[in-house]
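Subject: Structure handover

Hello,

Here is the structure I said I would pass on. Please open it alongside this note.

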Amino acid sequence: MILGFYGSYQNENGVDYRGFKFKNFEKFKALEFLDKIEHAIQGNKKFLNSDYDNNNIAFKFDDLYVVIWFSNLSYTIRVFWEDFDSTWEKTAFERSKRRFERKTK
């Protein structure tokens, strides 16, 4: 599984540019990462639902930091890595997990 990160940055001379980088996971590491996110959501659902947009959970996986919060009966996953961050919405995460599992059987 490859996670893609990109964003807008500014160098020391004030020049704006777009940066990107990719994080590769081997099959079992990817499954572990996806399962950890899913278990974190399921195990903390009551807490996350009790105060939308204020209660969140966070954990570290290897060199990634993950923050998850609920809003409007859905959740958002934010992944931080090096100088990059990326957002995964509920539907996109579930689709990614399902497709990855199906393709790697």
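Below is what I found, from the overall fold down to single residues.

First, a caution: this is a predicted model.

**Overall layout**

The chain has three helices and six strands. Read from the N terminus, the order is β-β-α-α-β-β-β-β-α. Along the principal axes, the C-alpha atoms fill a box of roughly 45 × 40 × 20 Å. The chain has 105 residues, and 31% of them count as buried. Take the contacts between residues at least 6 apart in sequence: 36% of these join residues at least 24 apart.

**Helix α1 and the core**

Start with α1, residues 27-43. Its length checks out: 17 residues at 1.5 Å a residue should span 24 Å, and the end C-alpha atoms are 24 Å apart, so the two agree. Its buried residues are Ala30, Leu31, Phe33, Leu34, Ile37, Ala40 and Ile41.

The largest nonpolar core holds 27 residues. Which of them touch the most other members? They are Phe33, Ile37, Ile68, Ile77 and Trp88. Two or more residues come from each of β1 (2-10), α1, β3 (56-61), β4 (64-71), β5 (74-81), β6 (84-89) and α3. The largest share is that of α1, with seven residues. As background, nonpolar side chains tend to be buried together in soluble globular proteins.

Ile37 is a good place to look at this core. Beyond its neighbours within four places in sequence, Ile37 is in contact with Phe59, Ile68, Ile77, Trp88 and Phe93.

**How α1 meets α3**

Helix α3 covers residues 90-103. The axes of α1 and α3 come within 11 Å and cross at roughly 145°. The crossing is left-handed. On the α1 side, the residues are Lys27, Ala30, Leu31, Leu34, Asp35, Ile37 and Glu38. On the α3 side, they are Phe93, Lys97, Phe100 and Glu101. By class, that contact has six nonpolar, no polar and five charged residues.

Is Lys97 of α3 buried or exposed? Lys97 has a relative accessible area of 6%, under the 20% cut-off, so it counts as buried. Outside the residues up to four places away in sequence, Lys97 touches Leu34, Asp35 and Glu38. These three residues are among those that α1 brings to the α3 contact.

**Strand residues**

Three residues are worth a click.

- Tyr9 lies in β1. Tyr9 is partly exposed, at 21% relative accessible area. Leaving out residues up to four places away, Tyr9 touches Val15, Asp16, Tyr17, Gly19, Asp83 and Phe84. Tyr9 and Gly19 are 10 residues apart along the chain, and their C-alpha atoms are separated by 6.7 Å.
- Lys21 sits in β2, residues 16-24. Lys21 is partly exposed, with a relative accessible area of 34%. Setting aside neighbours within four places in sequence, Lys21 is in contact with Leu3, Gly4, Phe5, Trp81, Glu82 and Phe84. Lys21 and Ser8 are 13 residues apart in sequence and 12 Å apart in space, C-alpha to C-alpha.
- Thr76 belongs to β5. Thr76 is buried, with a relative accessible area of 8%. Not counting residues up to four places away, Thr76 touches Val67, Ile68, Trp69, Thr87, Trp88 and Glu89. From Thr76 to Asn56, 20 residues away along the chain, the C-alpha separation is 9.8 Å.

**Loop residues with positive phi**

Where are the positive phi values to check? One is at Asp62, where phi is near 55°, and this residue is not glycine. Asp62 is in the loop between β3 and β4. Its relative accessibility is 39%, so Asp62 counts as partly exposed.

Another is at Glu82, also not a glycine, with phi of about 50°. Glu82 is in the loop between β5 and β6. Glu82 is also one of the contacts of Lys21.

**In short**

If you look at one thing, look at α1. It gives the largest share of the core, and α3 crosses it at roughly 145°. Then look at Lys97, buried in α3.

Best wishes

Conventions. Residues numbered from 1 in each chain as written. Predicted model: local features only at pLDDT ≥ 70, side-chain atom pairs only at ≥ 80, totals over all residues. Heavy atoms only, no water. Axes fitted to C-alpha atoms, helices over the stretch in contact; angles between N-to-C directions. Helix = DSSP H or I, 4+ residues; strand = E, 2+ residues; numbered from the N terminus. Left-handed = near helix turned anticlockwise from the far one by under 90°. Contact = heavy atoms within 4.5 Å. Nonpolar A, V, L, I, M, F, W, Y, C, P; charged D, E, K, R; others polar. Core = buried A, V, L, I, M, F, W, Y, C linked by side-chain atoms within 4.5 Å. Buried < 20%, exposed > 50% of the residue type's maximum accessible area, 1.4 Å probe, protein only. Expected span 1.5 Å × (residues − 1).
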